[in-house]
Amino acid sequence: MTRQLHLGGFQIASQVTHSHAAWRHPASEPDVFGPDHYQRVGRILERGKFDFVFFADLLAAPTRFGGLDEALSRGTQASATIDPAFAAATIAAVTRHLGVAITKSTTYFHPYEVARIFASLDHISKGRAAWNVVTSLSQAEALNFGVAEHLEHDQRYERAQEFLEATSELWDSWAPDALVRDKDSGVFADPSKVRAVDHEGEFFRTKGPLNVPRSPQGRPVLIQAGSSPRGRDFAARWAEAIFEIDPTPEGRRAYYDDIKSRASDFGRDPEQIKIFPAVLPFIGETESIAREKQAFHNELADPVSGLITLSVHTDHDFSTHDLDEPVDHIDVPGSQGLFDVARRLSERDSLTLRDVGKLYAQGVMLPQFVGTAADVADQLQEAVEGGEADGWMISAANTPGAFNDFVDQVVPELQRRGAFREEYTGTTLRDHLGLDDVPVGREAIAAD
Ligand SMILES: Cc1cc2nc3c(=O)[nH]c(=O)nc-3n(C[C@H](O)[C@H](O)[C@H](O)COP(=O)(O)O)c2cc1C
C-alpha cells in the first residue's frame with residue numbers, strides 16, 4: 001500500500017527562510033512584518049492540505065561574523081524578525097485546519113511563560129498548536145537575556161528536560177472538565193479540578209496552577225531538532241515530530257533509524273515520532289524550466305551572508321579566514337552536527353570556504369529537489385518509502401511564490417498517487433499527524 005506522507009511549510013517570520021536569497025527574489029513579497037503576508041502563506045498551505053506551518057526563531061541578531069553591520073546590510077537570517085507567536089496567531093485566525101508550529105527556547109524563557117503561550121495558542125487555534133523546543137545556539141542570545149555565558153551544551157539539555165517536566169505539570173493543572181460556566185448557579189470553574197503544581201527543581205520553581213484552562217489538545221504537539229547524541233536522546237524521549245537537515249539519503253536514513261530505535265529504548269512507539277527532513281524544491285513545467293529557476297535563485301545567494309549564519313550556528317568567526325581556503329582544518333565550538341555536514345560536503349566536492357558560504361546562503365545545505373511536479377513528487381515519495389522520512393518540511397526559495405508552485409503542482413501529483421491526503425480528516429494537529437491523544441493526569445508527564 002502507498003505510504004501517506006506529511007507536509008510542513010517552513011518559515012521564519014522575516015525576509016528570509018533557509019534561502020538567504022529569498023528576500024531579493026522577484027516572487028517574494030517585500031512586506032513580511034505585517035499580517036497580510038502570513039495570512040496569505042497560511043491560506044496557500046491550507047489549500048495544499050499541509051499538516052502545519054512551522055516558524056523557526058533566533059533570539060539575537062547575528063554578530064558573530066565580525067559584528068552586526070554585514071548582517072544588517074545583507075538582510076541575513078535573524079537580522080530582522082518578529083516574534084513567531086503573533087505570525088502563527090494571525091494565520092490561525094484565517095485558517096481552520098492548518099497546524100501552527102512556533103519555536104521557543106528552553107534556555108532563555110521560564111516554563112510558566114512558555115506553558116501559557118502554548119496553551120493560549122492551542123485555544124486560539126482550536127487545537128492546532130505545536131512547540132519547536134530548542135535549546136538556543138549563541139552567546140549573543142545569552143547577552144540579550146542578561147546572561148554572561150551561554151549555558152554549556154549538556155547543561156542546556158538538563159535544563160530542557162526539567163523545562164518539559166514543569167510545562168507538562170502546568171498544562172496538566174486543569175482537568176478537562178474543570179470549566180463549569182453555569183450562568184444559573186454562578187459557578188464558573190470547579191476548584192477541585194484545578195490544582196497547584198508546586199514544582200521545585202534544579203533550574204526552576206513554579207507554583208501553579210496555570211491560569212489558562214486545559215487547551216483542546218491538552219498540550220501542544222512537541223517538535224524538536226536534536227543532532228548531537230544528547231539532543232537525539234532528548235528528541236527520542238519527548239518529540240512527536242522532528243525537524244532535520246541532512247542533504248544525503250544515507251545521512252537521512254541513518255538518522256531516521258537512530259531516532260526510531262532510541263524512541264523504542266525509551267519505551268515509546270516509534271510511529272509516534274514523525275521525522276521531517278527539510279527540502280528546497282524548484283518546480284517547472286519542464287525540467288529545464290525548473291533548472292533555470294534553481295540557477296536564478298542560487299546565483300542570487302551571497303556567500304558572505306551564508307558565512308554569517310554559519311558563524312552563528314558554529315559559534316565561530318569565519319570573517320577571520322581567507323574565503324579561498326578549504327574548511328577541513330577548522331574547528332568550531334558550536335553546532336557540531338551542522339558543521340559535520342558542511343565538512344562532509346566540502347571533502348566530497350573539494351569546496352572552499354566561499355563555496356560553503358554560497359551553499360549555506362542558498363539554503364543552509366538543504367537538498368534541492370528540481371524538476372517537474374512528477375520528478376519532485378518521485379523524490380519526496382521515494383524517501384518516505386525508503387525509510388528516510390515520514391514527511392517533508394518544505395522550505396521556500398521565495399515566499400509565497402514557491403509555496404504556490406508546490407501546492408498547485410506537486411500536491412495534486414502526490415494526491416493522484418494516493419501518497420497525500422485529499423482532505424483533512426480531523427480538526428487538530430494531532431489528528432493530521434496521526435498522534436495519540438495526550439493522556440490526562442500525572443501519566444501525561446514523562447517519568448524519569
Ligand atoms: C534542523 C535544526 C533546526 C534548528 N532550529 C533552531 C531554531 O529555530 N532556533 C534555535 O534557537 N535553535 C535551533 N536549532 C538548534 C537546536 O535547538 C540546538 O540548540 C542545537 O542544534 C544544538 O543541539 P545539538 O548539539 O543536539 O544539535 C536547530 C537545530 C537543527 C539541527
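**Reading a predicted model, feature by feature**

Author: Let's start with one unit of this predicted model: β10, helix α8 (residues 249-265) and β11 together form a right-handed β-α-β unit.

Reader: Thanks! In which sense do β10 and β11 pair, and over how many bridges?

Author: They pair in the parallel sense, over 4 bridges. To find one residue pair, look at Ala241, whose bridge partner in β11 is Lys274.

Reader: Which other strands does β11 pair with?

Author: One is strand β12 (residues 368-371), which runs parallel to β11 and is joined to it by 4 bridges. Here Phe282 has Val370 as its bridge partner in β12. Another is strand β13 (residues 391-395), paired with β11 in the parallel sense over 2 bridges. There the bridge partner of Val279 is Ile394.

Reader: How should I read the two sides of a strand?

Author: The general idea is that side chains in a regular strand alternate between the two faces of the sheet. In β11, Lys274, Phe276, Ala278, Leu280 and Phe282 lie on one side, while Ile275, Pro277, Val279, Pro281 and Ile283 lie on the other.

Reader: Are those two faces of β11 covered or open?

Author: Both are covered, and the residues on each side are all buried. Because 10 of the 10 residues of strand β11 (residues 274-283) are buried, the strand is largely enclosed by the rest of the structure.

Reader: What should I look for in a nonpolar core?

Author: In soluble globular proteins, nonpolar side chains tend to be buried together. In this model the largest nonpolar core has 124 residues, and Val53, Val100, Ile223 and Ile242 have the most contacts inside it. Apart from it lies another core, of 5 residues, including Leu58, Leu59, Ala60 and Ala140.

Reader: Which residues is Ile242 in contact with?

Author: Setting aside neighbours within four places in sequence, Ile242 is in contact with Ile223, Gln224, Ala225, Ala235, Ile259, Ile273, Ile275 and Phe276.

Reader: Why does Val376 count as buried?

Author: Count the C-beta atoms around the residue: 20 or more others within 10 Å make it buried. Val376 has 25 other C-beta atoms within 10 Å, so it is buried. This residue lies in helix α13 (residues 373-385). Its C-alpha atom is 8.2 Å from that of Phe282, although the two are 94 residues apart along the chain. Beyond its neighbours within four places in sequence, Val376 is in contact with Pro281, Ile283, Phe369, Gly371 and Val410.

Reader: What about the ligand: how many residues surround it?

Author: There are 20, and the closest are Ala56, Val134, Ala225, Ser228 and Gly231. By class, this shell has 7 nonpolar, 10 polar and 3 charged residues. At least two residues of the shell come from each of β3 (99-105), α7 (229-238) and β10 (241-244).

Reader: How do I spot unusual backbone angles?

Author: Most residues other than glycine have a negative phi, and most peptide bonds are trans. Ala78 is not a glycine, yet has a positive phi of about 75 degrees. You will find Ala78 in the loop between α2 (69-74) and α3 (84-94). Ser136 also has a positive phi, near 70 degrees, and sits in the loop between β4 (129-134) and α5 (139-144).

Reader: And where are cis peptide bonds found?

Author: One joins Gly208 and Pro209, with omega about 0 degrees. Pro209 is in the loop between β8 (205-206) and β9 (221-224). Another runs from Thr399 to Pro400, with omega near 5 degrees, and Pro400 is in the loop between β13 and α14 (401-416).

How values were computed. Residues numbered from 1 in each chain as written. Predicted model: local features only at pLDDT ≥ 70, side-chain atom pairs only at ≥ 80, totals over all residues. Near = placed C-beta within 6 Å. Nonpolar A, V, L, I, M, F, W, Y, C, P; charged D, E, K, R; others polar. Core = buried A, V, L, I, M, F, W, Y, C linked by C-beta atoms within 7 Å. Buried ≥ 20, exposed ≤ 12 C-beta atoms within 10 Å, placed from the backbone. Contact = placed C-beta atoms within 7 Å. Pairing = 2+ DSSP bridges. Right-handed = clockwise from strand over helix to strand, strands pointing away.
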